[in-house]
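Trainee: Got a minute to go through this one with me? I'd like to start with the backbone and then move on to the sheet and the pockets.

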Amino acid sequence: MPKTISEIAQATGYSRTTITMVLKGRAEKYRISNQAQQAILDYVEKNGGYTINQTARSLKTNKSHTIGFVVPDLSNAFFAHLIAYLEDLCRSEDLVLISTSSTEDPRLEIIAIQRMLARGVDGLIIAPCSSESLKEGIKSLPDIPLVAVDRHYPTLNVPLISSDHRQSASILTRKIVEKGCSRIAFLCGHPENPSIADRIHSFGTITREAGMSEEDAYILSAPSDSIAAGKELATELMEKSDNLPSAILCSSLLILEGALQQIKIRNGKFPADLVIGTFDYDGLLELLPNYVFAIQQDEEKLAQSVFAILQAQMKQKKKIEEKQFIDTRLVCINQD
């Protein structure tokens, strides 16, 4: 049965500090003898490892050693990948990541933030669904180390790490236009989201530059970002015209999944000549016979940047005003 640091100290006769340094791999730095290291490690191995009395530790350090992360949707692949990378980073610093979803509801976001603060998290990461809900959520503890991710609300005076959504949408839209697509439908979920709004802005700019009218490059939107919303948008698309456009661009993988399902149900099969564009990448896209252009966000670099800024605030005990926009990568599938 794993032992606590106190139990290991009592059994081996070494101090809690010495044991902690050995278990954290810092024995050489603090010149702890090989004999002491071996005795401690042998005891830990014999007893199945060690455990931390987190309650006692928190009372002593006045820290919870936890980081809170409020995301809009845990089923979104982008946020799932981001959570995985952040968990690894937290684990490397002996921290625990606690995540919860706001479901894109500002009221639930306020509750989620307040519950995180009530738990005494040492820092907070959030992909806010509105600037007002974030401000309201942290007003009881405005000095909490905080980093916003993915959504750029200019009125929020907090550090931000995000992909460059405008640049990404420009690259993606231009690639579809260069493919010779004469009609493009952009299917968007939750268009009020600033990331989606940036993508819509770039889509309009690039298609206008290409001389396309609003009838040739048009936007269909739904209030949510989900598979169900993708089905609704595909239904609206097919009711709009007898023929599908030459390309569809989807604001997320969830919207794309729903659209693909609905088009196949309505047509009996999915048209292989339809050019597909989407934001975020999944390996399953490689199985489609279509030309596919996908924007792949660098979740690992985003997580590293978020964690670095959060840690700096936690150590310096002051706010850091910084905005970083991380480049993305265009993935081209089934290209000539």
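Trainee: Where is Thr-103 placed?

Mentor: Thr-103 is in the loop between strand 4 and helix 6. Keep in mind that this is a predicted model.

Trainee: What is its phi, given that Thr-103 is not a glycine?

Mentor: The phi of Thr-103 is positive, about 50°. Most residues other than glycine have a negative phi.

Trainee: And is Thr-103 buried or exposed?

Mentor: Exposed, because its relative accessibility is 51% and the cut-off is over 50%.

Trainee: Which loop holds Asp-280?

Mentor: The one between strand 11 (275–279) and strand 12 (292–296). Asp-280 also has a positive phi, about 85°, without being a glycine.

Trainee: Is Asp-280 buried or exposed?

Mentor: Asp-280 counts as buried, because its relative accessibility is 9% and buried means under 20%.

Trainee: Switching to the sheet. What is the strand order?

Mentor: The order is 4-3-5-6-7-13, in an open sheet of six strands with parallel pairing. Strand 4 (96–101) and strand 13 (323–326) are the edges, each pairing on one side only. On average, neighbouring strands are turned by 20° against each other, direction ignored.

Trainee: How many bridges join strand 3 to strand 4?

Mentor: Six, with strand 3 (residues 66–71) and strand 4 running parallel. Gly-68, for instance, has Ile-98 in strand 4 as its bridge partner.

Trainee: Which strands does helix 6 lie across?

Mentor: Helix 6 (residues 106–118) lies across strand 3, strand 4 and strand 5 (123–126), at about 175° to strand 3. Helix 12 (residues 299–316) packs on the sheet as well, touching strand 3, strand 5, strand 6 (146–149), strand 7 (160–163) and strand 13. The direction of helix 12 makes about 160° with that of strand 6.

Trainee: Now the empty space. How many cavities of 30 Å³ or more turn up?

Mentor: One, in a search of the whole structure. The largest cavity holds about 30 Å³ of space. Its lining includes Ala-148, Arg-151, His-152 and Lys-323. By class, that lining has five nonpolar, one polar and two charged residues.

Trainee: What about the second largest pocket, how much space lies in it?

Mentor: About 380 Å³. The second largest pocket has 16 lining residues, with Leu-256, Glu-257, Leu-260, Leu-284 and Leu-285 nearest its centre.

Trainee: Which helix gives the largest share of that lining?

Mentor: Helix 11 (residues 253–267), with seven residues. The lining of this pocket divides into ten nonpolar, three polar and three charged residues.

How values were computed:
Residues are numbered from 1 along each chain as its sequence is written. This is a predicted model: local features need pLDDT of at least 70, side-chain atom pairs count only at pLDDT 80 or more; totals for chains, interfaces and linings use all residues. Side-chain values use heavy atoms; hydrogens and water are left out. On a 1 Å grid over the protein atoms alone, a cavity is a set of points where a 1.4 Å probe fits but cannot get out, and a pocket is an open set with protein on both sides within 12 Å along at least five of seven lines; lining residues have an atom within 4 Å of a point. Grid points are joined across faces, edges and corners, and a volume is the space filled by probe spheres set on the points. Helices (H or I, at least four residues) and strands (E, at least two) are DSSP runs, numbered from the N terminus. Ala, Val, Leu, Ile, Met, Phe, Trp, Tyr, Cys and Pro count as nonpolar, Asp, Glu, Lys and Arg as charged, and the others, Gly among them, as polar. Two strands pair if DSSP finds at least two bridges between them. Axes are lines fitted to C-alpha atoms, for helices over the stretch in contact, and angles run from 0 to 180 degrees between N-to-C directions. Contact means heavy atoms within 4.5 Å. Buried means under 20% relative accessible area, exposed over 50%, partly exposed in between (1.4 Å probe, protein chains only).
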